[in-house]
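Please look over the sequence and the model shown here before reading on. The paragraphs that follow go from the chain as a whole to its packing, its charged pairs and a few places in its loops.

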Amino acid sequence: MASLIGSAYDYYLTTYGSRQVSRYDSHRKEDLRKTVNKIKLLNKESPLYKIKISGDVQKFAIDIKENARSIKNIVASFSETDEGIGAGFHKKIAISSNPDAVTAEYTGDSSSLTASEGFEIEVLQLASPQANVGNFLKRDAYDFLPGSYSFDLNMNSNSYEFQYNINVGDTNEDVLNKLARLVNNAHIGLKADILHGSQDMSALRLESNQTGLGPKETSLFRIVANADQESRQAMQTLGIDAVAAAAENSSFLLNGTKRSSYSNTFTINNIFSIELHDVTPKHEPVKIGFKPGSEAVTDDIQSLVNSFNSILEVAENHSETQLSNEKLLKDMGGIAKTYSDALNPIGLSVSKKGMITVDRTKLTQSVVSEDAGRNIDVLNRFKDAVGRKADEASLDPMNYVKKVLVTYKNPNSSKNFLCPYISSVYAGMMVDRIC
């Protein structure tokens, strides 16, 4: 059982752990209390059942829960105003004329700028990290004597001492790999890797995560061998105290005025988040402006459709493993089929399984046409229906797993007690065996 729970946590972390947390994942106490009360009432009348023990069961439940959460967050973002999806017309979404060189995100208040405002940026130089490259050594040679060695790594705010041992039989390649692991496992803002040259030669390369230099800085890190003769000799052999490439700041023209930054990611006036990716051709600045409101609405709908299709894919994929009772596929697909006649004229085509494809041109035209109000109303009703079903799925993902019914609660009994922890047993992936 413990191994299954560990497997579930591993799957969650590797599959969903890197997802960006939405501000809609934060809740007030009242919201959490409502959720707990819903779970209590849901479990009060729930029958007792058992589920066949399997790591795939946990993965299925996690997939349902996370995809439902994604849908709920998107729906919540649409529901901040009475306009619902129509509020997208008032959104300000930054757009770049050359996203390969510069990307931008508008992070200010929607009333900060008019939609016609923007700026130009010409990238002269990207910010770069410091890199030290050691001497190339023959991989299978033995240039280091067995013993204990150390060196200091001095950064602008901290100093670290690294100690390492060289054992009998360690080749140059062994020593370089050992030092690379030592630096990487220290997690001090440096990454180490091995460069492979010709004729079986290798060298150790150290690079800073940080880029750019401050006004009084000459380097981001320095490597100094300790005072003993053996450590100094080992450092001379390694050569990692030599700077191969100094850190540099980014340089760019903002509306013709030269600026610089320590990093390739920075903000402008606290309302634009800018990321530089490549140097631009001379005298060909990138124009940063805003998407039209109709395109912003189309992007919002595309996000909702993508999340909707993702949960359908989860249901379909797990139905092939005989884990799903196909209720999720029928419930979510049924919503799309119910609205298919109304969605198709505005650019959303529904397949037999309920999957939706978006004709962005047709959708954009539909939200600015004479019937825009009616079309947006259709989209809002579809959004609300999907949100309600996603809420149900997130409260009880095990409702969509094949299970063995043990007994129903007595419908005529007044002694059916609230069971707030039952869903934790299942949604917490502590799955019992079938007797």
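**A walk through the predicted model**

In this predicted model, H283 has its place in the loop between β16 (272-276) and β17 (286-290). The phi angle of H283 is near 65 degrees, which is a positive value in a residue other than glycine, and with a relative accessible area of 64%, over the 50% that marks the exposed class, H283 is exposed. A second histidine can be read alongside it: H187 lies in the loop between α4 (172-186) and β9 (190-196), and although H187 is not a glycine, its phi is positive at about 50 degrees. The relative accessibility of H187 is 68%, so H187 also counts as exposed.

Around these loops, the chain is built from 10 helices and 20 strands. Of its 435 residues, 42% count as buried. When contacts between residues at least 6 apart in sequence are considered, 73% of them join residues at least 24 apart.

Where do the buried nonpolar residues gather? In soluble globular proteins, nonpolar side chains tend to be buried together. Here the largest nonpolar core has 45 residues, and those with the most contacts inside it are I301, M332, L343, L348, L379 and F382. At least two residues of this core come from each of α3 (55-78), α6 (293-319), α7, β19 (356-358) and α9. Apart from this core lies another one, of 29 residues, which includes F151, L204, M235 and I240. To follow the packing from a single side chain, one can start at F382, which touches L304, I335, A336, Y339, L343 and I356 when residues up to four places away in sequence are not counted.

The next step is to look at how two of the helices pack. Two packed helices are described by the angle between their axes and the distance between the axes. For helix α7 (residues 327-343) and helix α9 (residues 372-395), the axes come within 10 Å and cross at roughly 175 degrees. An angle over 145 degrees counts as roughly antiparallel, and α7 and α9 are therefore roughly antiparallel to each other. On the α7 side the contact is made by D331, M332, I335, A336, Y339, A342 and L343, while α9 contributes V378, L379, R381, F382, A385, V386 and K389. Sorted by kind, the residues of this contact comprise 11 nonpolar, no polar and three charged ones.

Which residues pair with D331 and K389 in salt bridges? Side chains of opposite charge can pair when their charged atoms come close. The side chains of K389 and D331 meet in a salt bridge, with 3.8 Å from N to O, and this pair links distant parts of the chain, since K389 is in helix α9 and D331 in helix α7, 58 residues apart. K389 has a relative accessible area of 17% and is therefore buried, and D331, at 18% relative accessibility, likewise counts as buried. Both residues also belong to a network of salt bridges that links K327, D331, K389 and E392.

The structure holds 15 salt bridges, and some of them lie within one helix. In α9, D377 forms a salt bridge with R381, the closest N and O atoms being 3.2 Å apart, and the two residues are four apart in that helix, about one turn. D377 counts as partly exposed at 38% relative accessibility, and R381 is partly exposed as well, with a relative accessible area of 39%. In helix α3, the side chains of R69 and E66 meet in a salt bridge of 2.6 Å, N to O, and these two residues are three apart, again about one turn of the helix. Their surroundings can be read from their accessibilities: R69 counts as partly exposed at 25%, whereas E66 counts as buried at 7%.

A last stop is the loop between α9 and β20 (404-407), where M398 has its place. Is this loop residue buried or exposed? M398 has a relative accessible area of 1%, so M398 is buried. From C-alpha to C-alpha, M398 and I64 are 8.9 Å apart in space, although 334 residues separate them in sequence.

Conventions
Residues are numbered from 1 along each chain as its sequence is written. This is a predicted model: local features need pLDDT of at least 70, side-chain atom pairs count only at pLDDT 80 or more; totals for chains, interfaces and linings use all residues. Side-chain values use heavy atoms; hydrogens and water are left out. Axes are lines fitted to C-alpha atoms, for helices over the stretch in contact, and angles run from 0 to 180 degrees between N-to-C directions. Angles under 35 degrees count as roughly parallel, over 145 as roughly antiparallel, 65 to 115 as roughly perpendicular and the rest as oblique. Contact means heavy atoms within 4.5 Å. Ala, Val, Leu, Ile, Met, Phe, Trp, Tyr, Cys and Pro count as nonpolar, Asp, Glu, Lys and Arg as charged, and the others, Gly among them, as polar. Buried means under 20% relative accessible area, exposed over 50%, partly exposed in between (1.4 Å probe, protein chains only). A nonpolar core is a set of buried Ala, Val, Leu, Ile, Met, Phe, Trp, Tyr and Cys residues joined through side-chain atoms within 4.5 Å. A salt bridge is a side-chain nitrogen of Lys or Arg within 4 Å of a carboxyl oxygen of Asp or Glu.
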